[in-house]
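I opened the model to look up a few residues and helix contacts. The entries below follow the order in which I checked them.

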Amino acid sequence: MALLIGLLIPLLGTMLGSAFVFFMREEMSSRLQKTLLGFASGVMVAASVWSLLIPAMEITAQQEQSPVWSVVPASIGFLLGVGFLLLIDELTPHLHIKTDKPEGLRAHLSRTTMLALAVTIHNLPEGMAVGVVFAGAEDGAAGLSLASTFAVSVGIAIQNVPEGAIISMPLRAAGNSKWRSFLIGSLSGVVEPLGGLLIILLASLITFALPYLLAFAAGAMFYVVVEELIPEASQGEHSNLSTIGFAVGFVLMMVLDVVMQ
């Protein structure tokens, strides 16, 4: 039951953010969007460091009895995670949060479809992160307790609220109905519990790979932040708001992870 709740919490965050279409009449303001993008970036970076990379190195250090080698699985897993998301990003036709003229296959798909694909790509590493920390807690890994796993779930759910709104609001502004915008925004988060469950199953089969999986999820999350969220938040005016949002999100996730050990 705890596992099921932990996997579903991030999805609930996405659904809550998507529900903004029922309460907000106009398109989301640039100031609010940049603040929320920065906030989501801060949460993801903090979760990647405290909940994924540090435990990955601590687990290896315990196994090898040598802190020197602890960076090897973390480095390999991190780079593989970045490479995996890069490959998906290249192969999947999708839109970024803002786009100009779609080319190639993207020109033949609706904007709604490509926006949904974009958010699905974003949510995949977040679901993987939740799954791998639960697998680590189940395995008794260093620094990973059941409370800390819920901290990751809650932190990702918090950053999913603005992400859901950032998707559903433009869909509504583009002419979709409120319910259609809400459902598409919500369904984009379904990949999170599915991705988390897949990682849990893999980790149970190959326990030795847990440090690699932790770092893999961190690399995938960093890719989303660097490739999508930060560039979008830094463009145009009010970029200072995204910086403030990043700081608040980073500190909030850091406090959650440390306090809920």
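**Entry 1: Glu-192**

Which residues is Glu-192 in contact with, leaving aside its neighbours within four places in sequence? I noted first that the model is predicted, and I read every value below as computed from it. The list I obtained for Glu-192 is Pro-10, Leu-11, Thr-14, Asn-123, Glu-126, Gly-127, Ile-156 and Asn-160. Glu-192 itself sits in helix H7, which covers residues 191-205. I then checked its cover: the relative accessibility of Glu-192 is 1%, so I entered it as buried. The cut-off for buried is under 20% relative accessible area.

**Entry 2: whole chain**

I next took the overall counts. The protein has 9 helices and 0 strands, and I read the order along the sequence as α-α-α-α-α-α-α-α-α. Of the 261 residues, 52% are buried. I put the exposed surface down as about 11900 Å², with carbon and sulfur atoms supplying 69% of it. For contacts with a separation of 6 or more, I noted that 85% are between residues 24 or more positions apart.

**Entry 3: H1 against H6**

Thr-14 and Leu-11 had come up in the list for Glu-192, and both turned up again where helix H1 meets helix H6. H1 spans residues 2-18 and H6 spans residues 178-187; I recorded an angle of about 155 degrees between them and axes 8 Å apart. Angles over 145 degrees count as roughly antiparallel, and H1 and H6 are therefore entered as roughly antiparallel to each other. The crossing of H1 with H6 is right-handed. On the H1 side I listed Leu-11, Thr-14, Met-15 and Ser-18, and on the H6 side Phe-182, Gly-185 and Ser-186. Sorted by class, this contact holds 3 nonpolar and 4 polar residues, with no charged ones.

**Entry 4: H5 against H9**

How do the axes of H5 and H9 cross? I found that H5, residues 146-173, and H9, residues 239-259, have axes that come within 8 Å and cross at roughly 160 degrees. That makes H5 roughly antiparallel to H9. I logged the handedness of this crossing as right-handed. From H5, the residues in the contact are Ser-148, Ala-151, Val-152, Val-154, Gly-155 and Ile-158; from H9 they are Leu-252, Met-253, Leu-256 and Asp-257. The class count for the contact of H5 with H9 is 7 nonpolar, 2 polar and 1 charged.

**Entry 5: Gln-33**

Is Gln-33 buried or exposed? I located Gln-33 in helix H2, residues 30-64. Its relative accessibility is 11%, so Gln-33 counts as buried. I also took a distance from Gln-33 to Ala-165: the two lie 132 residues apart along the chain, and their C-alpha atoms are separated by 8.9 Å.

**Entry 6: Glu-138**

I finished with Glu-138, which is in helix H4, residues 111-138. Its relative accessible area is 72%, and I entered Glu-138 as exposed. The cut-off for exposed is over 50%. From Glu-138 to Ser-204 I read 9.1 Å, C-alpha to C-alpha, with the two positions 66 residues apart in sequence terms.

Methods:
Residues numbered from 1 in each chain as written. Predicted model: local features only at pLDDT ≥ 70, side-chain atom pairs only at ≥ 80, totals over all residues. Heavy atoms only, no water. Axes fitted to C-alpha atoms, helices over the stretch in contact; angles between N-to-C directions. Helix = DSSP H or I, 4+ residues; strand = E, 2+ residues; numbered from the N terminus. Parallel < 35°, antiparallel > 145°, perpendicular 65-115°, else oblique. Left-handed = near helix turned anticlockwise from the far one by under 90°. Contact = heavy atoms within 4.5 Å. Nonpolar A, V, L, I, M, F, W, Y, C, P; charged D, E, K, R; others polar. Buried < 20%, exposed > 50% of the residue type's maximum accessible area, 1.4 Å probe, protein only. Areas by Shrake-Rupley, 256 points an atom, 1.4 Å probe, with all protein chains shown as cover.
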